[in-house]
Amino acid sequence: MAKKAASSETSKDNGISLVIVESPTKAKTIRKFLGKNFIVESCMGHIRDLPQSSKDIPEKVKKEKWAQLGVNVDKNFEPLYCIPKDKVKVIKNLKDKLAEADIVYLATDEDREGESISWHLSEVLKPKVPVKRMVFHEITKEAIQKSLSETRLIDQNLVRAQEARRILDRLVGYTISPLLWKKVAYGLSAGRVQSVAVRLIVEREKERIKFKKSSYFGVLATLVKSNENFESKLVSVDQKRIATGKDFDGTTGKLISGKDLIILDEKSAKSILSQVKNVEWKVVEVEEKPVTRRPYAPFITSTLQQEANRKLGMSSRETMQVAQKLYEQGFITYMRTDSSALSAEAIKAARNAINSKYGKEYLPDAPRTYEGKKVKGAQEAHEAIRPAGTVFQDPESTGLVGQQFKLYDLIWKRTMASQMSDAKQKQVSAKILVSAQDKEILFSSTGTTIEFPGFLRAYVEGSDDPEGDLESREVRLPQLKKNDVVHAKNIEATSHETKPTARYTEASLVQTMEKEGIGRPSTYASVIGTIIDRGYVRKQGNALIPTFTAMVVSNLLSKHLSQYVDLGFTSAMESSLDDIAGGDLNWEKYLSSVYLGAGGLRSLVDAQEKKIIPEEARSIKLVGLDKYEFHVGRYGAYVKTKRGDEVLSASIPDAEAPADVTSEQIEMLIDQKIKGADSIGVEPKSGKKLYVLNGRYGAYVQLGENDDEEIKRSSLPPGIKPEDVNYEQALEIIALPKTVGLHPELKKEVKVGVGRFGPYIFCNGDYRSIPKTESIFSMTLDKCLEILAQPKKGRGKASALKDFGLLPGQDKDIQVQLFNGPYGPYLKAGKTNIGLPEGTTVESLTSEKAFELVLDKVGTQSSGAKKKTKKKVKKKK
């Protein structure tokens, strides 16, 4: 080790060192910590990969059977690596810099993917100078200097594990997807992890479809003791317990077998209510119990994604993008980790911060330690996600804004809390007996008081179910003791209904996948993004809802290729990849066992293809809707049924969730298709009839007949049901989009309307969503201008850091905005992206400088300039 350190020092003192990282932002941060004899360059992520399309395949192998697959399965699973066109210049630049260097440091990320990138760089660049692998899990001066003195060789086992994963994903995706094209619909995709994720969401939807609702009543009293109000719930009558939601079977709607309980209906609840009025309420039991709550472990990748989704409403994809930026700027440690351990330096930094910010009483006597690898199939991991450095920067002093500030704040608080004292609480439960008409009617009250907040001063973990987080709130009871008499201030009968299992959110899906060992936490963001982008799942609020396409595809795979959507089988694949990473399993032999032979994927798909009848594969039945058949076609989902001898069908709106479809809705859709809808009146200006109809993208108002030359349609705003639309509302809806006034500065019309993604405001090429708290019909010009003045939020994408307005001197409107991308800040002008020059910061960038950079890149887009360019080209010819 000393020899290696000396070698590194020599290179630092005398020769030129080339350091290669993945992104310009990471390069910019590292550059600050190294001397002038270091060249730090970015390879902009992966420099080569398996072919993405036939255009990428070299001519010499295009005719080979395996070329489209990109893997020669008959030649030891040899991958065909191609360099994308956009990486040719990157590689040339790296080779030019390499010519000046005496040593190369490959400083890509410390996980398997980073190891693989380093290996590809070494293979493509073929350096003739010494090559060293430097790894670090935070970008600080100390970490970078330390990594330079502790370099190693590229870990071939990690490379093989990553290459095996990439090849395995390609084999599964490219072998099963064509089967879906033939049997269901062209363009569908399957994946080793994505298909399992879809199945989880589909199975949850099936649970909701099977669910049978139960109704029951309870009795709630507001009691008074020493002028303090508190609540008490009815729990038993004559020692027989009152049934609550947990006592019902969701598949039958009846009490769980073997339970002898009282089910209250409205009549019996009101009967008890009348019996307990004007009688004595006596405390018969009081129990106090101390409760100690220990802090949560620091973040690992999966828990960060879960909490950012719950607390900040960020998707897994957004969370990882923001975390990547924080890491590359040196604010946090590496964000792809399965380890919840903290280094000795981190523990010391956290304890110092706790002592100064919260006081000694919040600091436990001894540091807290957490297990390094608790996750099923955890891969190489070094430390939890925490603030970087040996002194943790307070969130308020970072200068961060927006999502970056919020996520750093979340990480900072979680790290602080992990090293703080336990929270001390006291739980109090009281039983209150009412003796009425020879019956013993028992009520119960519970309360929680926080005796010492401990780590809760810094952090309270979120919850998918807001009601489930009540334990963290303080509910105080008055001082109660046995035989105390309390008074009933108010008593009411309460109505309840059981609810189906909640749909997955991104947070709960990540939690399940992690628990089952499905995929890797570092891939969850891209998996969830993929299943949404490809139309298998849509988001409604935080809920992940499967489409009918997902139901059909999952049904086909479960029936014909069951092991490839089986949790245990997929988890075993991950374990095998871990064994390859540890050098305990040969990657070629493993791939061969999965893909080749009588039981391999290739043979399995060939055999099952002959058994699958396309018409059957495209259809499913839903429990409780036996007379209907649901199909997936070229234009979306539709339903078929028989009336007499006639087979009828109708399209199902894309926004309809499978578990929410009812027979009444289906009959209405079919009747509307057969008979056509009845007109609800005539629009006075045009004299044309108004209709309320249902289409693929939901309900809408139509002006005119289907065979008219000009038909106008307007979507119904959210929350308005087709059956509730009257004539006056229809007139308002069909008038959309409507102009509400003129923008005072831009002198352009401001309009409001309803699109596929809901109500919006539009002005001068700028679209903004109307908040759910506002009605589109009550939007005034002032309200619209207020929303337009706010920073724009992207749909699942990063918001603009700055908006510089329209590019001057152009024939058409070109908006210039500043965004933060995976490789650092960049300007966006129309469809053109321009990176910021070295030394230009977000804070220092003015509108004048931004316009100058854009014009240097795109030139003046005027009609005269275009004509001039054409003449020049012609003359050159």
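Which strands does helix 3 (residues 88-100) lie across? Helix 3 lies across strand 1, strand 2 and strand 5, and runs at about 170° to strand 2. Axes here are lines fitted to C-alpha atoms, for helices over the stretch in contact, and angles run from 0 to 180 degrees between N-to-C directions; contact means heavy atoms within 4.5 Å. Helices (H or I, at least four residues) and strands (E, at least two) are DSSP runs, numbered from the N terminus. The model is a predicted one, in which local features need pLDDT of at least 70 and side-chain atom pairs count only at pLDDT 80 or more, while totals for chains, interfaces and linings use all residues. Residues are numbered from 1 along each chain as its sequence is written, and side-chain values use heavy atoms, with hydrogens and water left out.

The strands just named belong to an open sheet of four strands with parallel pairing, in the order 2-1-5-6; two strands pair if DSSP finds at least two bridges between them. Strand 2 (38-42) and strand 6 (131-133) are the edge strands, each pairing on one side only. On average, neighbouring strands of this sheet are turned by 25° against each other, direction ignored. Within the sheet, strand 1 (residues 17-21) and strand 5 (residues 103-106) pair in the parallel sense over four bridges, and Ile-20 stands opposite Leu-106 in strand 5.

Antiparallel pairing appears around strand 12 (residues 439-452). Strand 11 (residues 423-436) pairs with strand 12 in this sense over 13 bridges, with Val-428 opposite Gly-447. The hairpin of these two strands has two residues between them, and Gln-437 there takes a positive phi near 50°. Strand 8 (residues 228-237) also pairs with strand 12 in the antiparallel sense, over four bridges, and places Ser-236 opposite Leu-442.

A further open sheet of four strands is antiparallel and has the order 16-17-18-19. Its edge strands, strand 16 (619-620) and strand 19 (646-651), each pair on one side only. Strand 16 meets strand 17 (residues 629-633) over two antiparallel bridges, and Ser-619 stands opposite His-631.

Turning to the helices, helix 7 (residues 194-210) has 17 residues that should span 24 Å at 1.5 Å a residue, and its end C-alpha atoms are 25 Å apart, which agrees. The expected span is 1.5 Å times one less than the number of residues. Twelve of the 17 residues are buried, so helix 7 is largely enclosed by the rest of the structure. Buried means under 20% relative accessible area, exposed over 50%, and partly exposed in between (1.4 Å probe, protein chains only). Among the buried residues are Val-198, Ile-201, Arg-204, Glu-205 and Arg-208. The partners against which they pack include helix 13 (506-516), helix 14 (524-533), helix 15 (548-560) and helix 16 (567-581).

Helix 14 in turn has Tyr-524, Ala-525, Val-527, Ile-528, Gly-529 and Ile-531 as its buried residues. Their cover includes helix 7, helix 9 (301-312), helix 10 (316-328), helix 13 and strand 14. After helix 14 comes Gly-535, with a positive phi near 80°.

Helix 15 contains His-560, which counts as buried because its relative accessibility is 16%. The side chains of His-560 and Gln-608 are joined by a polar contact of 3.0 Å. Such a contact is a pair of N or O atoms within 3.5 Å; within protein, one must be able to donate a hydrogen and the other to accept it, and residues adjacent in sequence count only if both atoms are side-chain atoms. Leaving aside neighbours within four places in sequence, His-560 is in contact with Gln-608, Lys-611 and Ile-612.
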